Amino acid sequence: MTLSKRVSLALLTAVLPLLTGCTRHSKNEQYYLIATNTAFPYWKSAAAGLAAAGAEYGVTVDTRGPAGLNPQAEVDEFRAAVASKPAGILVSVANSSLMAPEIDAAIAAGIPVITVDSDSPESKRLYFIGTNNFEAGKLGGRRLVSRLNGKGNVVFFTNPGQPNLDDRLKGYQDILEDYKGIKIVEVFDIKTDPGTALDQARVYLARTGPEKIDAFICLESRSGANVAEAFKRTNVTDRVLIAMDADTDTLQLVGDGTIDSTIAQKPYTMAFLGLKALDEVHHYPVKPLGQDYFLDPNSPFPVFVDTGVALIDKTNMDPILRKRLANP
């Protein structure tokens with residue numbers, strides 16, 4: 001081979017990856033997002049973020065988990081993902097006592113795990129990407145105080161024991177400690193079924209006099225629309241309803257005034273950043289993976305990446321709703 005041909009071949013070898021888009025990545029790299037309630041718009045948004053990052057990197061991604069809130073089914077999906085020896089797993093933890101041992105087993109097997117949306121701080125997950133749920137609750141609490149003028153009866157709709165929802169409740173409680181005129185009457189357990197919120201809301205709406213419920217707070221995504229339906233069926237317009245998340249139904253109900261406001265998260269961002277974080281660990285492994293990095297001042301990982309929240313009401317909802325309608 002002549003010198004000129006050898007030089008040409010060397011140049012082609014160097015330039016070809018740039019022309020073809022080849023990088024360090026491969027379709028053989030498999031990443032998972034494991035969650036519950038995957039049929040809900042919130043998790044469809046997260047799945048879109050995962051897919052976008054996967055397409056950018058040229059890796060294989062998959063979002064898995066039960067359509068409803070079923071913590072054991074989520075554990076089963078996580079185990080199946082671990083068995084396939086993927087490059088990394090993102091997981092939103094529905095029940096930390098169930099999921100923490102599974103996360104630890106995955107880490108022990110050399111599989112990077114990052115929690116998103118709902119954390120398991122007692123596990124050996126590398127770190128958490130998502131909402132500061134305590135601060136989200138405080139944001140809602142400040143809105144509640146202003147709408148009630150510091151006085152009234154309040155009920156909450158939640159799934160007790162789900163870490164992110166518990167933290168939101170604590171945030172509300174932290175704000176309300178300074179307002180003795182606002183009383184938390186009940187924290188209602190929807191028992192993993194947001195549809196129960198509709199019937200229970202009608203029970204609360206029937207209360208009158210000193211027992212009247214003045215404000216309804218939904219700590220998870222789908223209860224807001226169900227409580228709003230109870231408002232509509234009983235023609236109620238003098239109560240405060242604060243919801244969670246920014247799916248199309250919720251935004252439209254904010255627009256017509258049934259829902260006062262909603263606290264919006266960024267599930268797309270959680271999954272998008274999460275995939276990139278896992279990819280970095282996969283290609284540049286940290287050893288030992290299972291070390292406790294929490295107190296290590298030279299840790300390669302943060303403890304928490306806050307993706308942010310925002311309060312949405314009639315004054316700022318239009319551009320967000322237009323985007324939702326354009327990308328259902």
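Let's start with one pair of residues: Ile-217 has Ile-242, in strand S9, as its bridge partner. Keep in mind that this is a predicted model. Zooming out a little, Ile-217's strand story involves S8, residues 215–218, and S9, residues 240–244, which run parallel and are joined by 3 bridges.

Now, where do those two strands sit? They belong to an open sheet of 6 strands with mixed pairing, and the order across it is S7-S6-S8-S9-S10-S12. At the edges you'll find S7, covering 182–189, and S12, covering 310–312; each has a single partner strand, so one side of each has no neighbour in the sheet. On average, neighbouring strands here are turned by 20° against each other, if we ignore direction.

Something also lies across this sheet's strands. Helix H7, residues 196–205, lies across S6, S7 and S8, and runs at about 165° to S6.

Let's move on to a pair of helices. As a reminder, two packed helices are described by the angle between their axes and the distance between those axes. For H5, residues 133–148, and H6, residues 163–176, the axes come within 7 Å and cross at roughly 40°. That angle makes H5 oblique to H6, and the crossing is right-handed.

Which residues make the contact? On the H5 side they include Phe-134, Gly-137, Lys-138 and Leu-144, and on the H6 side they include Asp-167, Arg-168, Tyr-172 and Ile-175. Sorted by class, the H5 contact with H6 has 6 nonpolar, 6 polar and 6 charged residues.

Key
Residues numbered from 1 in each chain as written. Predicted model: local features only at pLDDT ≥ 70, side-chain atom pairs only at ≥ 80, totals over all residues. Heavy atoms only, no water. Axes fitted to C-alpha atoms, helices over the stretch in contact; angles between N-to-C directions. Helix = DSSP H or I, 4+ residues; strand = E, 2+ residues; numbered from the N terminus. Parallel < 35°, antiparallel > 145°, perpendicular 65-115°, else oblique. Left-handed = near helix turned anticlockwise from the far one by under 90°. Contact = heavy atoms within 4.5 Å. Nonpolar A, V, L, I, M, F, W, Y, C, P; charged D, E, K, R; others polar. Pairing = 2+ DSSP bridges.
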